[in-house]
Amino acid sequence: MDAVTRAAGLLFQPDVLLAVLLAAAYGLFVGAMPGLTVTMAVALFVPFAMFLDRVPALAAIVTLQAMGIFAGDIPAALVRMPGTPASAAYVSDSFALSQQGKARLVLAVDVLASSFGGLLGAAALMVGAPLLAELALGFSSFEYFWLAVLGLSTTAFIATGSPLKGAVSVTLGLLLATVGIDITLGFPRFTFGIPELLDGVGLIPAMIGLFGFSEVLRSVLAGRMQLSYAPLEPGPAFVPALRVLWRYRLQALRGGLVGLVTGVLPGAGADIGAWLAYGVSRKFSKEPQRYGRGSMEAIVESGVANNSDLAAEWIPTLVFGIPGDAFTAVVLGILMMKGMRPGPAVLHDYRDVLVAIYLAFLLANVLMVPFGFAAIRASSHLLRVPRNVLLPAITMVCVVGSYAMNNSLFDVGVMLVMGVVGLLLQVLGFPVAPVVLGMVLGPLLEQNFMISLIKSEGAWVQFVARPVSLALALLTAVVWVLPAAGFVRSLAARLRPTPGAA
Amino acid sequence: MNPEEAAAGLLLLALGAYVSATASRFPHLATGYPGPGLFPQVLGALLAVQGAALVVAGLRDGGPRGFPWTRGDLFNGLLVVLAVVLYMVASPRLGFLVTSAVVLTGLMARLGAGLGRSLVLGPALAGALYLLFGKVLRVPLPPGLLG
């Protein structure tokens, strides 16, 4: 209880609350803009995080994440463009309902489902982080090696799209991570004589390029500077939305659970949580034919899932130092910058800061309701922001944001190159988030592999000799087998003659 | 056949082979264990295999999707890239305020915001960014002409 009082004292300061309020507005704005993702929002937030103290910086990040993921639902319902990838699963349902004149109701349901999911996630973080930290105290290099492999496998194979392309993205990220001074001998790898590359490819400039600049390029290439949006119907929405949520309370809880599981699993982010919840929901629904054509049930279940996922993402990030997705990869970088080395000890060493993070999650998801309803009211203005002014402005913010880390124009160049690479990857159907996870987990993977190899003196069986490392290895094997099984099934389906097509 | 996918696969195959070959010449640990070369070698080989698989998939898969951009939009995209290059070249001499005002105004006008509006909003936004990053966050932006 003492810790809670101290943490509340840290959080409820005027400057911290101001940071939270500004971050809420920032998160809502970025989330509501199609093409601007929450990952980009946090990557561009890094210069601000450097400037702020630990608690206001982390509380602001928690808030912008929660608000941004909700706000992604706004253009999904009104323009049929998901504001963030996490809203993509139910975009057809949201838009179909707003075509039926229920736009305001859909958005109100989105707010309440997001808030409920966020609170569920916060509870899971408070309970789950200490439990997993207990487990992690006994981890050695073998377990960390497998955790990294598991995270990379999940992001490659469970991501939407083709497993082969996901695997390519992971490999490219891991390769980028090998650039610079190596950890065993201090040998410079792939630096091409460029002194700036001795420290490796900067993660933050790379992320701003991959998630920010590449989206600017994509929007410019798409050439749509004006969006047409569905109007909101008049009338109250809070109570009707509450009724919808109560009617689908079972789905809400189930979606929350799916979100929590994907969150804790390293490598799977909120977008995957939403897709999984959507699939589960359709499987158990009494009206599966309505999915994709305006199912409120689907919106509730996946809308809860993508927000309950968020806090759960922080568990592996804080406890193992293994981020759950690209967003928490940035969080990991900011934690390190603030001198908080993630790992089981962080729960003990920075107890007050952590409890303040828990409280920030609660606060952000309670604030979600008034802020969310205000954002719905302002949505038509938000979507009217002229994109031909917005896109040049974001271009300059990407430039300054990548420059600000080391005051180096070389980093601006990294941002530029990664932006073009990110665009090409997306156009060719390769997912971008696994590249970042590869970059973050690469050094951890290599380090723990080399330590394990030397420790075991080349006896490979040592890698699975401990119970937890064996369990993680088996879990990894499951992740590898799932897409292979899907491939075999689709092959079998192709070989079998289709009925009626003789 | 999907030519873009096959071409991407070919490129990845070449990159993987190059990485693997380069890394095989990295030094070893004195104890006989593999050293800095092990990881890049494995990754290069992996990338080469994935690239080959993509070539196969690209040759087998259905029709080319092509790039759906119009020539004008493609030109605009190129201009955005060039604007960043221009900033990198010019900002050390001209400074942040002048360079970013030029970049912002030019891009806005080109994307159709209207010349008058761009001439007002471009420099205004440059000033706002200067205040936010240069003054509030104390990023040492290049002063240049106005310094």
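Student: In this predicted model, how far apart do the C-alpha centres of domain 1 of chain B and domain 2 of chain B lie?
Tutor: The domain assignment of chain B places domain 1 at 3–60 and domain 2 at 71–146. Taken between their C-alpha centres, the separation of these two domains of chain B is 40 Å.

Student: Which helix of chain B gives the most to the side of chain B that touches chain A?
Tutor: The contact draws 43 residues from chain A and 48 residues from chain B. On the chain B side, helices H1 (3–23), H2 (38–60), H3 (71–94), H4 (96–110) and H5 (115–136) each contribute at least two residues. With ten residues, the helix that gives the most to this side of chain B is H3(B).

Student: How many residues of the side of chain B that touches chain A are nonpolar?
Tutor: When the residues on this side of chain B are divided by character, three are charged and seven are polar. The nonpolar residues there number 38.

Student: What distance separates the end C-alpha atoms of H2(B), and why does it agree with the expected span?
Tutor: H2(B) has 23 residues, and at 1.5 Å a residue these should span 33 Å. The helix agrees with that expectation because its end C-alpha atoms are separated by 33 Å.

Student: Which helix of chain B do the buried residues of H2(B) pack against?
Tutor: The buried residues of H2(B) include B:Leu38, B:Phe39, B:Leu43, B:Leu47 and B:Leu54. From chain A, their packing partners are helix H9 (163–178), strand S2 (188–189) and helix H20 (433–455). Within chain B, the buried residues of H2(B) pack against H1.

Student: Which residues touch the most other members of the largest nonpolar core?
Tutor: This core has 228 residues, and at least three of them come from each of domain 1 (3–60) and domain 2 (71–146) of chain B. Leaving aside neighbours within four places in sequence, A:Ala59 is in contact with residues including A:Leu11, A:Val16, A:Ala356 and A:Ala360. The residues touching the most other members of the core are A:Ala59, A:Val109, A:Ala356 and A:Ala360.

Student: Why is A:Met81 classed as it is, buried, exposed or in between?
Tutor: A:Met81 sits in the loop between helix H5 (73–78) and helix H6 (91–99) of chain A, and, not counting residues up to four places away in sequence, A:Met81 touches A:Pro34, A:Pro75 and A:Ala76. Its C-beta atom has 19 others within 10 Å, whereas a buried residue needs 20 or more and an exposed one has 12 or fewer. A:Met81 is therefore partly exposed.

Terms used. Residues are numbered from 1 along each chain as its sequence is written. Chains are lettered from A and ligands numbered from 1 in the order in which they are written. This is a predicted model: local features need pLDDT of at least 70, side-chain atom pairs count only at pLDDT 80 or more; totals for chains, interfaces and linings use all residues. Domain bounds come from an automatic or database domain assignment. Two residues are in contact if their C-beta atoms, placed from the backbone, lie within 7 Å. Helices (H or I, at least four residues) and strands (E, at least two) are DSSP runs, numbered from the N terminus. Ala, Val, Leu, Ile, Met, Phe, Trp, Tyr, Cys and Pro count as nonpolar, Asp, Glu, Lys and Arg as charged, and the others, Gly among them, as polar. A nonpolar core is a set of buried Ala, Val, Leu, Ile, Met, Phe, Trp, Tyr and Cys residues joined through C-beta atoms within 7 Å. The expected span of a helix is 1.5 Å times one less than its number of residues.
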